[in-house]
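Let us walk through this structure together, one step at a time. Keep the picture open beside the text and turn it as you read.

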Protein chains: 2
Amino acid sequence: MKIGELSRATGTNIETIRYYERIGLLPAPHRTAANYRSYGDAHRSRLTFVRHSRDLGFTIEEIRSLLDLSDHPERDCGEADRIASLHLEQVEEKIAQLALLRDELTRIVGRCRGGVAADCRVIEALGDHRLCAAEHP
Amino acid sequence: MKIGELSRATGTNIETIRYYERIGLLPAPHRTAANYRSYGDAHRSRLTFVRHSRDLGFTIEEIRSLLDLSDHPERDCGEADRIASLHLEQVEEKIAQLALLRDELTRIVGRCRGGVAADCRVIEALGDHRLCAAEHP
DNA sequence: ATGGAGCCTGTAGCAACTACAGGGTCAAGT
DNA sequence: ACTTGACCCTGTAGTTGCTACAGGCTCCAT
(Lines give C-alpha, C1' and ligand atoms only; values in the text may rest on other atoms or scores of the structure.)
Protein backbone atom coordinates (compact mmCIF):
# COMPACT_ATOMS: atom_id res chain seq x y z
CA MET A 1 0.00 0.00 0.00
CA LYS A 2 1.07 3.57 -0.64
CA ILE A 3 1.76 6.10 2.08
CA GLY A 4 -1.65 7.75 1.73
CA GLU A 5 -3.40 4.44 2.29
CA LEU A 6 -1.25 3.63 5.30
CA SER A 7 -2.02 7.10 6.60
CA ARG A 8 -5.77 6.49 6.32
CA ALA A 9 -5.50 2.93 7.64
CA THR A 10 -3.76 4.03 10.83
CA GLY A 11 -5.02 7.57 11.26
CA THR A 12 -1.48 8.90 11.03
CA ASN A 13 -0.43 12.06 9.24
CA ILE A 14 1.67 11.33 6.13
CA GLU A 15 4.39 13.68 7.31
CA THR A 16 4.47 11.84 10.60
CA ILE A 17 4.98 8.51 8.86
CA ARG A 18 7.94 9.89 6.95
CA TYR A 19 9.22 11.42 10.17
CA TYR A 20 9.10 8.05 11.92
CA GLU A 21 11.05 6.52 9.07
CA ARG A 22 13.63 9.30 9.25
CA ILE A 23 14.26 8.75 12.95
CA GLY A 24 14.41 5.00 12.47
CA LEU A 25 11.20 4.09 14.27
CA LEU A 26 9.71 2.54 11.15
CA PRO A 27 11.88 0.58 8.69
CA ALA A 28 12.26 2.09 5.25
CA PRO A 29 9.79 0.32 2.94
CA HIS A 30 10.39 -0.85 -0.60
CA ARG A 31 10.04 1.70 -3.34
CA THR A 32 8.09 1.38 -6.57
CA ALA A 33 9.70 2.17 -9.93
CA ALA A 34 8.42 5.73 -9.46
CA ASN A 35 10.19 5.96 -6.09
CA TYR A 36 6.94 5.74 -4.13
CA ARG A 37 7.02 4.06 -0.72
CA SER A 38 5.26 0.71 -0.68
CA TYR A 39 4.14 -0.73 2.63
CA GLY A 40 2.99 -4.17 3.75
CA ASP A 41 1.04 -5.51 6.70
CA ALA A 42 4.11 -5.66 8.94
CA HIS A 43 4.55 -1.93 8.49
CA ARG A 44 0.94 -1.30 9.30
CA SER A 45 1.01 -3.22 12.55
CA ARG A 46 4.25 -1.63 13.58
CA LEU A 47 2.83 1.81 12.97
CA THR A 48 -0.32 0.87 14.88
CA PHE A 49 1.87 -0.17 17.79
CA VAL A 50 3.72 3.12 17.65
CA ARG A 51 0.61 5.26 17.41
CA HIS A 52 -1.12 3.41 20.20
CA SER A 53 1.91 3.79 22.41
CA ARG A 54 2.11 7.50 21.61
CA ASP A 55 -1.58 7.88 22.43
CA LEU A 56 -0.80 6.32 25.79
CA GLY A 57 1.89 8.93 26.28
CA PHE A 58 5.04 6.86 25.82
CA THR A 59 8.00 8.81 24.48
CA ILE A 60 9.69 7.90 21.23
CA GLU A 61 12.65 6.49 23.13
CA GLU A 62 10.40 4.31 25.26
CA ILE A 63 8.67 3.09 22.14
CA ARG A 64 12.04 2.27 20.61
CA SER A 65 12.77 0.00 23.57
CA LEU A 66 9.33 -1.59 23.44
CA LEU A 67 9.64 -2.24 19.71
CA ASP A 68 13.05 -3.72 20.27
CA LEU A 69 11.56 -6.14 22.76
CA SER A 70 8.73 -7.06 20.46
CA ASP A 71 11.33 -7.75 17.77
CA HIS A 72 13.07 -10.20 20.11
CA PRO A 73 10.31 -12.42 21.47
CA GLU A 74 12.77 -14.64 23.30
CA ARG A 75 13.83 -11.86 25.64
CA ASP A 76 12.55 -11.33 29.11
CA CYS A 77 9.34 -9.37 29.43
CA GLY A 78 10.51 -7.57 32.57
CA GLU A 79 11.84 -4.61 30.65
CA ALA A 80 8.47 -3.92 29.02
CA ASP A 81 6.80 -4.11 32.38
CA ARG A 82 9.39 -1.80 33.86
CA ILE A 83 8.91 0.82 31.13
CA ALA A 84 5.13 0.70 31.41
CA SER A 85 5.17 0.82 35.21
CA LEU A 86 7.54 3.75 35.25
CA HIS A 87 5.36 5.53 32.76
CA LEU A 88 2.30 4.81 34.85
CA GLU A 89 4.03 6.35 37.84
CA GLN A 90 4.83 9.45 35.83
CA VAL A 91 1.24 9.76 34.68
CA GLU A 92 0.05 9.48 38.26
CA GLU A 93 2.51 12.12 39.33
CA LYS A 94 1.38 14.41 36.56
CA ILE A 95 -2.24 13.94 37.56
CA ALA A 96 -1.45 14.84 41.16
CA GLN A 97 0.43 17.91 40.00
CA LEU A 98 -2.39 19.04 37.76
CA ALA A 99 -4.89 18.51 40.56
CA LEU A 100 -2.90 20.97 42.66
CA LEU A 101 -2.92 23.45 39.80
CA ARG A 102 -6.63 22.97 39.33
CA ASP A 103 -7.28 23.71 42.99
CA GLU A 104 -5.12 26.81 42.89
CA LEU A 105 -6.73 28.05 39.69
CA THR A 106 -10.19 27.41 41.08
CA ARG A 107 -9.33 29.50 44.10
CA ILE A 108 -7.93 32.28 41.95
CA VAL A 109 -10.77 32.34 39.46
CA GLY A 110 -13.35 32.16 42.21
CA ARG A 111 -12.08 35.37 43.76
CA CYS A 112 -12.73 37.54 40.72
CA ARG A 113 -15.72 39.78 41.23
CA GLY A 114 -15.34 41.99 38.18
CA GLY A 115 -14.20 45.58 38.22
CA VAL A 116 -10.97 47.10 36.97
CA ALA A 117 -7.61 45.38 36.67
CA ALA A 118 -6.20 47.40 39.57
CA ASP A 119 -8.47 45.48 41.95
CA CYS A 120 -8.27 42.18 40.10
CA ARG A 121 -7.72 39.22 42.39
CA VAL A 122 -6.54 37.07 39.51
CA ILE A 123 -3.71 39.41 38.69
CA GLU A 124 -2.94 39.95 42.34
CA ALA A 125 -2.70 36.21 42.94
CA LEU A 126 -0.40 35.72 39.97
CA GLY A 127 1.97 38.34 41.27
CA ASP A 128 2.19 36.91 44.75
CA HIS A 129 2.92 33.27 45.36
CA ARG A 130 2.16 33.72 49.08
CA LEU A 131 -1.51 33.91 48.21
CA CYS A 132 -1.40 30.27 47.15
CA ALA A 133 -2.92 27.59 49.33
CA ALA A 134 -0.33 24.95 48.54
CA GLU A 135 3.08 24.59 47.00
CA HIS A 136 2.89 23.92 43.31
CA PRO A 137 5.88 23.10 41.11
CA MET B 1 20.93 43.85 40.95
CA LYS B 2 22.80 41.75 38.41
CA ILE B 3 21.29 38.89 36.47
CA GLY B 4 22.74 36.23 38.77
CA GLU B 5 21.13 37.84 41.82
CA LEU B 6 17.80 38.16 40.03
CA SER B 7 18.15 34.53 39.05
CA ARG B 8 18.64 33.46 42.67
CA ALA B 9 15.96 35.85 43.95
CA THR B 10 13.30 34.39 41.68
CA GLY B 11 14.53 30.85 41.15
CA THR B 12 14.81 31.44 37.43
CA ASN B 13 17.57 30.17 35.18
CA ILE B 14 19.78 32.97 33.87
CA GLU B 15 19.32 31.80 30.31
CA THR B 16 15.58 31.91 30.82
CA ILE B 17 15.72 35.53 32.01
CA ARG B 18 17.64 36.52 28.90
CA TYR B 19 15.17 34.51 26.83
CA TYR B 20 12.23 36.40 28.34
CA GLU B 21 13.91 39.67 27.51
CA ARG B 22 14.55 38.54 23.95
CA ILE B 23 10.90 37.66 23.37
CA GLY B 24 9.76 40.91 24.98
CA LEU B 25 8.21 39.45 28.11
CA LEU B 26 10.57 41.36 30.36
CA PRO B 27 11.70 44.90 29.51
CA ALA B 28 15.39 45.35 28.75
CA PRO B 29 17.09 46.64 31.90
CA HIS B 30 19.74 49.32 32.15
CA ARG B 31 23.31 48.30 31.53
CA THR B 32 26.38 49.05 33.63
CA ALA B 33 29.51 50.51 32.09
CA ALA B 34 30.69 46.93 31.57
CA ASN B 35 27.50 46.14 29.67
CA TYR B 36 26.06 44.05 32.51
CA ARG B 37 22.28 43.99 32.94
CA SER B 38 21.14 45.88 36.03
CA TYR B 39 17.70 45.11 37.44
CA GLY B 40 15.44 46.88 39.93
CA ASP B 41 12.49 45.81 42.04
CA ALA B 42 10.00 46.33 39.23
CA HIS B 43 11.88 43.75 37.17
CA ARG B 44 11.88 41.33 40.04
CA SER B 45 8.15 41.51 40.62
CA ARG B 46 7.43 41.24 36.93
CA LEU B 47 9.58 38.15 36.69
CA THR B 48 7.92 36.69 39.78
CA PHE B 49 4.57 37.24 38.10
CA VAL B 50 5.79 35.50 34.94
CA ARG B 51 7.30 32.53 36.75
CA HIS B 52 4.29 32.06 38.95
CA SER B 53 2.02 32.13 35.93
CA ARG B 54 4.24 29.64 34.12
CA ASP B 55 4.19 27.38 37.17
CA LEU B 56 0.43 27.50 36.97
CA GLY B 57 0.67 26.40 33.36
CA PHE B 58 -0.21 29.60 31.53
CA THR B 59 1.40 29.92 28.11
CA ILE B 60 3.71 32.79 27.26
CA GLU B 61 0.99 34.37 25.13
CA GLU B 62 -1.52 34.18 27.96
CA ILE B 63 1.03 35.75 30.27
CA ARG B 64 1.60 38.52 27.75
CA SER B 65 -2.10 39.37 27.93
CA LEU B 66 -2.15 39.17 31.72
CA LEU B 67 0.89 41.43 32.00
CA ASP B 68 -0.69 43.84 29.59
CA LEU B 69 -3.73 44.02 31.85
CA SER B 70 -1.66 44.50 34.95
CA ASP B 71 0.13 47.35 33.14
CA HIS B 72 -3.22 49.03 32.53
CA PRO B 73 -5.00 48.99 35.89
CA GLU B 74 -7.90 51.02 34.56
CA ARG B 75 -9.01 48.28 32.18
CA ASP B 76 -11.73 45.78 32.83
CA CYS B 77 -10.77 42.70 34.77
CA GLY B 78 -13.01 40.41 32.70
CA GLU B 79 -10.22 39.47 30.33
CA ALA B 80 -8.01 38.18 33.13
CA ASP B 81 -10.88 36.14 34.47
CA ARG B 82 -11.62 34.80 31.00
CA ILE B 83 -8.01 33.70 30.45
CA ALA B 84 -7.78 32.04 33.85
CA SER B 85 -11.16 30.31 33.50
CA LEU B 86 -10.30 28.98 30.06
CA HIS B 87 -7.00 27.72 31.39
CA LEU B 88 -8.76 26.06 34.29
CA GLU B 89 -11.04 24.28 31.85
CA GLN B 90 -8.04 23.04 29.88
CA VAL B 91 -6.38 21.75 33.03
CA GLU B 92 -9.54 19.90 33.96
CA GLU B 93 -9.73 18.39 30.52
CA LYS B 94 -6.11 17.32 30.72
CA ILE B 95 -6.70 15.70 34.08
CA ALA B 96 -9.65 13.74 32.72
CA GLN B 97 -7.56 12.62 29.76
CA LEU B 98 -4.68 11.52 31.95
CA ALA B 99 -7.07 9.64 34.22
CA LEU B 100 -8.17 7.60 31.20
CA LEU B 101 -4.54 6.90 30.35
CA ARG B 102 -3.81 5.92 33.91
CA ASP B 103 -6.69 3.44 33.92
CA GLU B 104 -5.57 1.92 30.64
CA LEU B 105 -1.95 1.70 31.78
CA THR B 106 -2.99 0.13 35.06
CA ARG B 107 -4.91 -2.52 33.17
CA ILE B 108 -1.98 -3.16 30.86
CA VAL B 109 0.68 -3.27 33.55
CA GLY B 110 -1.49 -5.46 35.76
CA ARG B 111 -1.64 -8.14 33.12
CA CYS B 112 2.09 -8.78 32.99
CA ARG B 113 3.00 -12.01 34.68
CA GLY B 114 6.63 -12.23 33.62
CA GLY B 115 8.00 -14.60 31.03
CA VAL B 116 9.34 -13.89 27.57
CA ALA B 117 8.38 -11.02 25.32
CA ALA B 118 6.50 -13.33 22.97
CA ASP B 119 3.87 -13.84 25.66
CA CYS B 120 4.03 -10.30 27.02
CA ARG B 121 0.62 -8.79 27.65
CA VAL B 122 2.08 -5.29 27.71
CA ILE B 123 3.44 -5.60 24.21
CA GLU B 124 0.32 -7.35 23.04
CA ALA B 125 -1.87 -4.58 24.41
CA LEU B 126 0.22 -1.88 22.77
CA GLY B 127 -0.14 -3.53 19.40
CA ASP B 128 -3.88 -3.90 19.60
CA HIS B 129 -6.11 -1.02 20.47
CA ARG B 130 -9.11 -3.34 20.69
CA LEU B 131 -7.75 -4.62 23.99
CA CYS B 132 -8.40 -1.22 25.50
CA ALA B 133 -11.28 -0.68 27.88
CA ALA B 134 -12.09 2.83 26.74
CA GLU B 135 -11.34 5.23 23.94
CA HIS B 136 -8.32 7.34 24.65
CA PRO B 137 -7.07 10.24 22.52
C1' DA C 1 -2.61 16.27 -23.55
C1' DT C 2 -4.05 18.27 -19.56
C1' DG C 3 -5.67 18.73 -14.93
C1' DG C 4 -5.66 17.38 -10.36
C1' DA C 5 -4.57 14.18 -6.79
C1' DG C 6 -0.97 12.13 -4.92
C1' DC C 7 3.91 11.32 -4.16
C1' DC C 8 9.06 12.88 -3.48
C1' DT C 9 13.08 15.54 -0.87
C1' DG C 10 14.72 18.96 2.05
C1' DT C 11 14.23 22.54 5.11
C1' DA C 12 12.08 25.54 8.49
C1' DG C 13 8.76 26.33 12.07
C1' DC C 14 6.20 25.53 16.69
C1' DA C 15 6.79 26.04 22.59
C1' DA C 16 9.61 27.12 26.04
C1' DC C 17 13.40 26.71 27.18
C1' DT C 18 18.57 24.87 27.74
C1' DA C 19 23.35 24.46 26.52
C1' DC C 20 27.15 25.56 24.66
C1' DA C 21 31.30 28.36 22.29
C1' DG C 22 34.14 32.03 22.52
C1' DG C 23 34.91 36.02 24.57
C1' DG C 24 34.96 40.25 28.22
C1' DT C 25 34.94 41.96 33.44
C1' DC C 26 35.61 42.11 38.27
C1' DA C 27 37.24 41.26 43.00
C1' DA C 28 40.20 38.75 46.05
C1' DG C 29 44.42 36.73 47.12
C1' DT C 30 49.55 36.44 46.56
C1' DA D 1 51.11 43.84 39.52
C1' DC D 2 49.26 39.65 38.35
C1' DT D 3 46.60 35.69 38.34
C1' DT D 4 42.62 32.97 39.28
C1' DG D 5 37.98 31.99 39.26
C1' DA D 6 33.37 33.55 39.34
C1' DC D 7 30.52 36.06 36.83
C1' DC D 8 28.76 38.35 32.67
C1' DC D 9 28.14 39.08 27.37
C1' DT D 10 26.36 37.61 22.39
C1' DG D 11 24.90 34.38 19.20
C1' DT D 12 23.69 30.05 17.77
C1' DA D 13 22.15 25.32 18.00
C1' DG D 14 19.84 21.61 20.44
C1' DT D 15 15.64 19.53 22.78
C1' DT D 16 10.53 16.76 21.68
C1' DG D 17 7.31 15.31 18.40
C1' DC D 18 5.66 16.61 15.10
C1' DT D 19 3.65 19.96 11.14
C1' DA D 20 4.00 22.88 7.11
C1' DC D 21 5.72 24.42 3.30
C1' DA D 22 8.50 24.93 -1.45
C1' DG D 23 9.55 23.12 -5.57
C1' DG D 24 9.28 19.32 -8.24
C1' DC D 25 7.83 14.38 -10.06
C1' DT D 26 4.11 10.63 -11.30
C1' DC D 27 -0.21 8.68 -12.17
C1' DC D 28 -4.86 8.35 -13.81
C1' DA D 29 -9.06 9.98 -15.87
C1' DT D 30 -11.08 12.85 -19.11
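What you see is a predicted model. A good place to begin is the meeting of the two protein chains. Across the interface of chain A and chain B there are nine residue pairs in polar contact, counting pairs in which both residues have a pLDDT of 80 or more. How many salt bridges does the rule find across this interface? The number is zero.

Now look at how much surface is involved. Chain A and chain B bury about 4,200 Å² between them, and 77% of that area is on carbon and sulfur atoms. In terms of residues, 53 of chain A are in contact with 53 of chain B.

Which parts of chain A take part? On the side of chain A that touches chain B, two or more residues come from each of α3, α4 (60-71), α5 (78-110) and α6 (121-127) of chain A. The largest share belongs to α5(A), which supplies 19 residues. If you sort this side of chain A by residue class, you find 29 nonpolar, 14 polar and 10 charged residues.

Next, consider how the two chains are arranged. As a general idea, two copies of a chain are related by a rotation about an axis and a shift along it. Here, a turn of 180 degrees with a shift of 0.0 Å along the axis lays chain A on chain B, with an RMSD of 0.2 Å. The two copies are therefore related as by a two-fold rotation axis. Both copies use the same surface to meet, since 100% of the contact residues of chain A recur in chain B. To find the axis in your picture, look for A:Ile95: of the residues of chain A, its C-alpha comes closest to the axis, at 2.9 Å.

With the protein pair in mind, turn to the DNA, starting with strand C. This strand is surrounded by 20 residues, and the closest are A:Arg18, A:Arg31, A:Tyr36, A:Arg37 and B:Arg54. Which parts of the strand come within 4 Å of the protein? Sugar and phosphate make up 73% of those atoms of DNA strand C.

Some individual contacts are worth finding on the screen. A polar backbone atom of A:Arg37 is 2.7 Å from a phosphate oxygen of DNA strand C. From chain B, a polar side-chain atom of B:Thr16 lies 3.0 Å from a phosphate oxygen of this strand, and an N or O atom in the side chain of B:Tyr20 is 2.9 Å from a phosphate oxygen. Two or more residues of the surface near DNA strand C come from each of α1 (3-10) and α2 of chain A, and from each of α2 and α3 (41-55) of chain B. The element that gives the most is α2(B), with four residues. By class, this surface has eight nonpolar, five polar and seven charged residues.

Finally, move to DNA strand D. Here, too, 20 residues surround the strand, and the closest are A:Tyr20, A:Arg54, B:Gly4, B:Arg18 and B:Arg37. Of the atoms of DNA strand D that come within 4 Å of the protein, 77% belong to sugar and phosphate.

Backbone and side chains both appear among the contacts with this strand. A polar backbone atom of B:Gly4 is 2.8 Å from a phosphate oxygen of DNA strand D, while a polar side-chain atom of A:Arg51 lies 3.3 Å from a phosphate oxygen of the strand. For A:Tyr36, an N or O atom in the side chain is 3.3 Å from a sugar or linking oxygen of DNA strand D.

Which element supplies the largest share of the surface near DNA strand D? That element is α2(A), with four residues. The residues of this surface divide into eight nonpolar, five polar and seven charged.

Notes:
Residues are numbered from 1 along each chain as its sequence is written. Chains are lettered from A and ligands numbered from 1 in the order in which they are written. This is a predicted model: local features need pLDDT of at least 70, side-chain atom pairs count only at pLDDT 80 or more; totals for chains, interfaces and linings use all residues. Side-chain values use heavy atoms; hydrogens and water are left out. A residue is near a molecule or strand if one of its heavy atoms lies within 4 Å of it. A polar contact is a pair of N or O atoms within 3.5 Å; within protein, one must be able to donate a hydrogen and the other to accept it, and residues adjacent in sequence count only if both atoms are side-chain atoms. Ala, Val, Leu, Ile, Met, Phe, Trp, Tyr, Cys and Pro count as nonpolar, Asp, Glu, Lys and Arg as charged, and the others, Gly among them, as polar. Copies are superposed by least squares on the C-alpha atoms of residues with pLDDT of at least 70 in both. Contact means heavy atoms within 4.5 Å. Buried area is the accessible area (1.4 Å probe) that two parts lose on being put together, summed over both. A salt bridge is a side-chain nitrogen of Lys or Arg within 4 Å of a carboxyl oxygen of Asp or Glu.
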